[in-house]
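Good morning, and thank you for making time for this presentation. I would ask you to keep the sequence and the structure in view while I speak.

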Amino acid sequence: MPNTYSELATDVKELYRARMIKLLRAVRNVTDLTLSSPGFLEVVSGSLDLLAGDPYFQFCNLRVLEVLTWVSRNCMDVIAYLVKISPNIESIILTIERAELNSNNTGGDWIIGSSFPSLPCLKFVQIQGIQGCLNELKFLQVLLEKAIVLEEVTLFSSKTDSPDRAAQLMEFKDMLLKYPSASSSVSISIQL
């Protein structure tokens with residue numbers, strides 16, 4: 001008996017993916033969406049092409065997206081996609097579960113800002129448990145570039161006793177503050 005999704009047979013994985021996509025389609029008219037399982041995002045990431053192939057699939061009423069996530073490329077891909085197809089989103093609240101940094105969350109050219117639409121309603125972004133990795137930085141960079149009425153970005157780091165980790169978070173903060181913003185009134189607060 002498999003213990004994780006990755007250990008499942010291919011046909012069972014496809015069934016799970018199809019059911020998760022069906023679930024997303026069923027809730028596309030919600031105003032507030034809370035996804036409390038990073039595993040859900042990992043499963044959906046394998047089927048993003050099915051969603052992306054439907055130009056009419058959008059979360060037009062979504063105002064608040066709240067997600068418990070990992071910083072893996074797969075999870076961040078799904079979050080970025082959900083933001084892209086939510087033209088009226090006002091708030092994004094992410095809670096990042098502590099994860100070991102590895103090649104799946106520290107690199108890659110996975111978010112292309114030019115293909116990301118303008119976010120005319122996004123006003124608030126909060127991320128709890130910021131890790132200071134490249135995927136987070138790229139995601140925030142795109143939000144800063146595309147959110148024209150963004151008012152507040154609040155980041156809370158995960159607790160750390162490591163001097164190396166503290167230095168990494170300070171470097172992350174410095175890099176983030178250098179990015180240009182489409183909104184002239186954005187306030188960025190980072191709690192280290």
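I shall take the confidence of the model, then the sheet, then one helix, then the salt bridges, and finally two loop residues.

Let me begin with confidence. What you see is a predicted model. The mean pLDDT of the protein is 85, and 88% of its residues reach 70 or more. One stretch calls for caution: over residues 102-110, pLDDT stays under 50. For those residues the model nevertheless has 27 contacts beyond four places in sequence.

I turn to the sheet. Six strands make up an open sheet, with parallel pairing, and their order is β1-β2-β3-β4-β5-β6. At the edges stand β1, residues 32-35, and β6, each of which pairs on one side only. From one strand to the next, the twist averages 5 degrees.

Within this sheet, consider β3 and β4, which pair in the parallel sense over five bridges. Which residue of β4 is the bridge partner of S91? The partner is F124.

Two helices that pack on the sheet deserve mention here. Helix α4 touches β1, β2 (residues 64-69) and β3. The direction of α4 makes about 175 degrees with that of β2. Helix α6 also packs on the sheet, where its contacts are with β4, β5 and β6. Between the direction of α6 and that of β6 the angle is about 180 degrees.

The next element is helix α5, which runs over residues 134-146. Its 13 residues reach 18 Å from the first C-alpha to the last, close to the 18 Å expected at 1.5 Å a residue. Is α5 mostly covered or mostly open? It is mostly covered, with 10 of its 13 residues buried. Among the buried residues are L137, F139, L140, V142, L143 and L144, but also the charged residues E136, K138 and K146. As for their surroundings, the buried residues of α5 pack against two helices, α4 (73-84) and α6 (163-178). They also pack against the strands β3 (91-96), β4 (124-130), β5 (152-157) and β6 (187-191).

I come now to the salt bridges, of which the structure holds three.

The side chains of E14 and R17 meet in one of them, at 2.6 Å from N to O. Both residues lie in helix α1, residues 10-26, and they are three residues apart, about one turn of the helix. An α-helix has 3.6 residues a turn, so residues three or four places apart point the same way. Are the two partners buried or exposed? E14 is partly exposed, because its relative accessible area is 41%. R17, by contrast, has 17% relative accessibility and therefore counts as buried, the limit being under 20%.

R73 and D77 form another salt bridge, in which the closest N and O atoms are 4.0 Å apart. These two residues are separated by about one helical turn, because they are four residues apart in helix α4. R73 has 35% relative accessibility, so it counts as partly exposed.

The salt bridge between R63 and E90, at 3.7 Å from N to O, links distant parts of the chain. R63 is in the loop between α3 (48-52) and β2, whereas E90 is in the loop between α4 and β3, and the two are 27 residues apart. Both are partly exposed: R63 has 30% relative accessibility, and E90 has a relative accessible area of 32%.

I close with two loop residues. C133 is placed in the loop between β4 and α5. Why does C133 count as buried? It does so because its relative accessibility is 3%. The C-alpha atoms of C133 and L169 are separated by 8.7 Å, although the two residues are 36 residues apart along the chain.

P180 lies in the loop between α6 and β6. With 54% relative accessibility, P180 counts as exposed, because the limit is over 50%. Not counting residues up to four places away in sequence, P180 touches L144 and E145. Its C-alpha atom is 9.9 Å from that of V142, which is 38 residues away along the chain. Of the residues just named, L144 and V142 are among the buried residues of α5.

That concludes the presentation, and I thank you for your attention.

Terms used: Residues numbered from 1 in each chain as written. Predicted model: local features only at pLDDT ≥ 70, side-chain atom pairs only at ≥ 80, totals over all residues. Heavy atoms only, no water. pLDDT = per-residue confidence, 0-100. Contact = heavy atoms within 4.5 Å. Expected span 1.5 Å × (residues − 1). Buried < 20%, exposed > 50% of the residue type's maximum accessible area, 1.4 Å probe, protein only. Pairing = 2+ DSSP bridges. Axes fitted to C-alpha atoms, helices over the stretch in contact; angles between N-to-C directions.
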